[in-house]
Every structure is written in C-alpha cells, then in structure tokens.
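Me: I'm new to reading protein models and I'd like a close look at one part of this one. Could you take me through the place where two helices pack together, and then show me how it fits into the rest?

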Amino acid sequence: MSVKAKKHLGQHFLTDENIARKIVEGLGFEGYNKVMEVGPGMGVLTKYLLEKDQNVYLAEIDKESIEYLKNNYSKVTEDTFVGDFLKQDFNFTNGEQIAIIGNFPYNISSQILFKIVDYYELIPEMVGMFQKEVAERTAAVPRTKSYGILSVLIQAYYDTSYMFTVHENVFNPPPKVKSGVIRLTRNPKEGLAGNEVLFKQIVKAGFNQRRKKLSNALKVLTIPEALKDHEFMDKRAEELSVADFISFTQLWKENQ
C-alpha cells in the first residue's frame with residue numbers, strides 16, 4: 001500500500017533517499033530534544049528522524065498518510081501526531097524548544113514561515129524544502145530582485161541559508177517547478193521587542209511600492225516629522241538591510 005498524492009494538499013512525495021538524508025542532517029540536533037516534521041507523507045524524512053535521539057512529532061492532516069505511517073514505522077503511534085501545523089499552539093511542548101523540518105506543501109509556504117516566526121521563542125531552527133522561488137526570497141540579500149517582505153520579516157528573527165536546489169524528477173508526482181532547501185537558525189537580534197507591529201508595517205509599506213523611495217512609499221503611515229529628512233527616505237526598500245529596518249523602526253518609535 002502507498003499513499004495517493006492529493007493535489008488539494010499540495011502533496012509531492014520526495015523519492016530520493018540521499019536528498020532526504022541530507023535534509024535531516026541539515027538540522028544541528030543541539031539544544032533541544034524535540035523535532036516536528038510537517039507533512040511527512042510516506043515518511044521519507046521520518047525514517048531518518050526516528051534514528052535520532054529525539055522526540056519526533058508529526059504534523060499531518062491526511063488520514064491516509066497517518067494510517068500508512070502508523071502501519072509502516074513501529075515508533076509512530078497515535079500520540080506522535082499533532083494535527084494541522086497552521087493551527088498548532090505548541091502546548092504539547094510544555095514550553096520546551098522544538099525544531100521544525102519538512103518537505104513543505106507549496107501552497108502554504110509563506111504561512112508556514114510566518115507561523116515559525118510567531119513561535120520564534122520555541123523554535124531554534126528549521127530545515128525545509130520549499131518552491132525554489134520562495135526559498136530564494138527567504139534567503140535573499142538587499143539590492144536583489146528576490147529581496148522583499150518575506151526576506152526581511154524572516155531574517156529579522158533567523159539567520160537564513162540556502163542549502164541546495166532539488167530537481168522536479170525526484171518527486172512523485174513531479175511538481176512543475178524546482179525546489180530549494182533552506183535552513184533557518186534563530187538569531188539573537190535585539191531591538192524588535194515591543195516594535196514588531198510597527199516593524200511589519202514599515203517593511204510592508206516600503207516593499208508594496210518597491211520602485212518608489214521610502215519618502216513616498218511610507219506616506220500611507222504617518223511619518224514622524226524628525227524622520228522626514230532621514231537618509232533612508234531617499235532610498236528604496238530593497239536598498240535597506242534587515243538591521244537598517246530594525247534601527248529605523250526604533251527611531252520611528254522614539255519620534256512618534
């Protein structure tokens with residue numbers, strides 16, 4: 001018995017064991033003893049996670065996959081499953097650190113990344129496979145086409161590295177696009193405490209009109225008088241680093 005890939009769940013099952021092993025080995029397995037895999041499917045990553053000295057949890061909503069995993073992996077029981085990742089409140093961790101891993105469904109890629117940021121304090125690292133374009137945007141640097149809202153909002157909380165590209169022919173069924181594997185490692189950046197909402201507003205407003213200088217793009221917000229002549233106002237959002245956005249948010253807050 002195997003699991004039929006379901007289009008509405010964005011399922012594309014990885015079939016290459018070497019790539020599966022490389023993804024699992026991308027995690028450091030230090031400073032935590034819990035790992036959650038999102039969308040395990042038929043367990044191509046799960047089998048390697050179960051070899052580690054970790055408590056493994058599986059976020060899966062496909063009943064067929066859940067039955068398959070319970071029937072084929074003796075360490076997987078009903079208690080291994082924690083439901084829908086996007087509805088997860090992480091209460092089962094009892095406040096303990098937990099890493100995230102997965103061959104993520106492409107149709108909810110950004111939502112998964114933002115969910116990880118929402119639980120930043122619990123999640124020290126993540127290794128995952130996304131649509132290549134999303135992976136590139138997550139790891140992008142300033143002054144590049146891929147650099148945008150996703151890049152800045154993720155990199156404010158995590159150091160991000162693009163690990164490798166995965167071709168379409170190692171999936172069943174093959175997706176129409178290439179995939180990319182990225183690693184997120186929680187960073188100790190300070191300066192966002194209490195300013196997260198304002199930070200997101202500034203980043204989103206800046207990139208929503210990315211061709212315009214910030215003096216124009218940020219007009220949708222009330223620009224503090226003291227910042228109207230700031231050097232950043234003469235730049236576009238894509239020219240500012242993550243650290244620039246954080247320091248600019250602090251200044252904005254102080255001058256409101």
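Reply: Here is a walk that starts at one helix pair and then moves outward. Keep in mind that this is a predicted model.

Let's begin with the pair itself. Two packed helices are described by the angle between their axes and the distance between the axes. Here the pair is helix H7, residues 196-208, and helix H9, residues 242-254. Their packing angle is about 115°, and the axes are 9 Å apart. As for handedness, the crossing of H7 past H9 is right-handed.

Which residues do the touching? H7 brings Leu-198, Phe-199, Ile-202, Val-203 and Phe-207. On the H9 side, they meet Phe-245, Ile-246, Phe-248, Thr-249, Trp-252 and Lys-253. Sort the residues of this contact by type and you get nine nonpolar, one polar and one charged.

Now zoom in on Phe-199, one of the H7 residues in that contact. If you skip its neighbours within four places in sequence, Phe-199 is in contact with Phe-245, Ile-246 and Thr-249, and also with Val-152, Leu-153, Ala-156 and Leu-192. You've already met Phe-245, Ile-246 and Thr-249 as part of H9's side of the packing.

That takes us to the bigger picture around the pair. The largest nonpolar core in the model has 53 residues. Phe-199, Phe-245 and Trp-252 are among the residues with the most contacts inside this core, and so are Met-36, Phe-85, Ile-100 and Leu-218. H7 supplies the largest share of the core, with six residues. There is also another core, lying apart from this one, with 31 residues, including Leu-14, Leu-27, Leu-49 and Val-170.

Let's step back to the whole chain for a moment. The protein has nine helices and eight strands. Its radius of gyration is 20 Å, close to the 18 Å that the globule rule gives for 256 residues, so the protein is as compact as a globular protein of that length. Along the principal axes, the C-alpha atoms fill a box of roughly 65 × 40 × 30 Å. Of the 256 residues, 50% count as buried. And if you take the contacts between residues at least 6 apart in sequence, 68% of them join residues at least 24 apart.

Away from the helix pair, a few single residues are worth a visit. Start with Phe-104, which sits in the loop between strand S4 (99-103) and helix H4 (109-118). Is Phe-104 buried or exposed? Its relative accessibility is 2%, so Phe-104 counts as buried. Beyond its close sequence neighbours, within four places, Phe-104 is in contact with Val-38, Ile-112, Met-126, Val-127, Gly-128, Met-129 and Phe-130. Phe-104 and His-12 are 92 residues apart in sequence, yet their C-alpha atoms are 9.1 Å apart in space.

Phe-130, one of those partners of Phe-104, belongs to strand S5, residues 125-131. With a relative accessible area of 0%, Phe-130 is buried. Leaving out neighbours within four places in sequence, the contacts of Phe-130 include Phe-104, Tyr-106, Leu-113 and Ile-182. From Phe-130 to Phe-13 you travel 117 residues along the sequence, but 13 Å in space, C-alpha to C-alpha.

Next, two residues whose backbone might catch your eye. Most residues other than glycine have a negative phi, and most peptide bonds are trans. Phe-29 has a phi near 55°, a positive value in a residue that isn't glycine. Its place is the loop between helix H1 (17-25) and strand S2 (34-38), and at 18% relative accessibility Phe-29 counts as buried. Phe-90 isn't a glycine either, and its phi is positive too, at about 60°. You'll find Phe-90 in the loop between H3 and S4, and with a relative accessible area of 2% it is buried.

Finally, two residues on the outside. Asp-79 also lies in the loop between helix H3 (63-72) and S4. At 67% relative accessibility, though, Asp-79 counts as exposed. Asp-79 is 24 residues from Asn-55 in sequence and 11 Å from it in space, C-alpha to C-alpha. Lys-176, in the loop between strand S7 (171-172) and strand S8 (179-186), is exposed as well, at 83% relative accessibility. Measure with your viewer's ruler if you like: the C-alpha atoms of Lys-176 and Met-36 are 27 Å apart.

Note on methods. Residues are numbered from 1 along each chain as its sequence is written. This is a predicted model: local features need pLDDT of at least 70, side-chain atom pairs count only at pLDDT 80 or more; totals for chains, interfaces and linings use all residues. Side-chain values use heavy atoms; hydrogens and water are left out. Axes are lines fitted to C-alpha atoms, for helices over the stretch in contact, and angles run from 0 to 180 degrees between N-to-C directions. Helices (H or I, at least four residues) and strands (E, at least two) are DSSP runs, numbered from the N terminus. A crossing is left-handed if the near helix is turned anticlockwise from the far one by less than a right angle, and right-handed if clockwise. Contact means heavy atoms within 4.5 Å. Ala, Val, Leu, Ile, Met, Phe, Trp, Tyr, Cys and Pro count as nonpolar, Asp, Glu, Lys and Arg as charged, and the others, Gly among them, as polar. A nonpolar core is a set of buried Ala, Val, Leu, Ile, Met, Phe, Trp, Tyr and Cys residues joined through side-chain atoms within 4.5 Å. Buried means under 20% relative accessible area, exposed over 50%, partly exposed in between (1.4 Å probe, protein chains only). The radius of gyration is taken over C-alpha atoms; the globule rule is 2.2 Å times the number of residues to the power 0.38.
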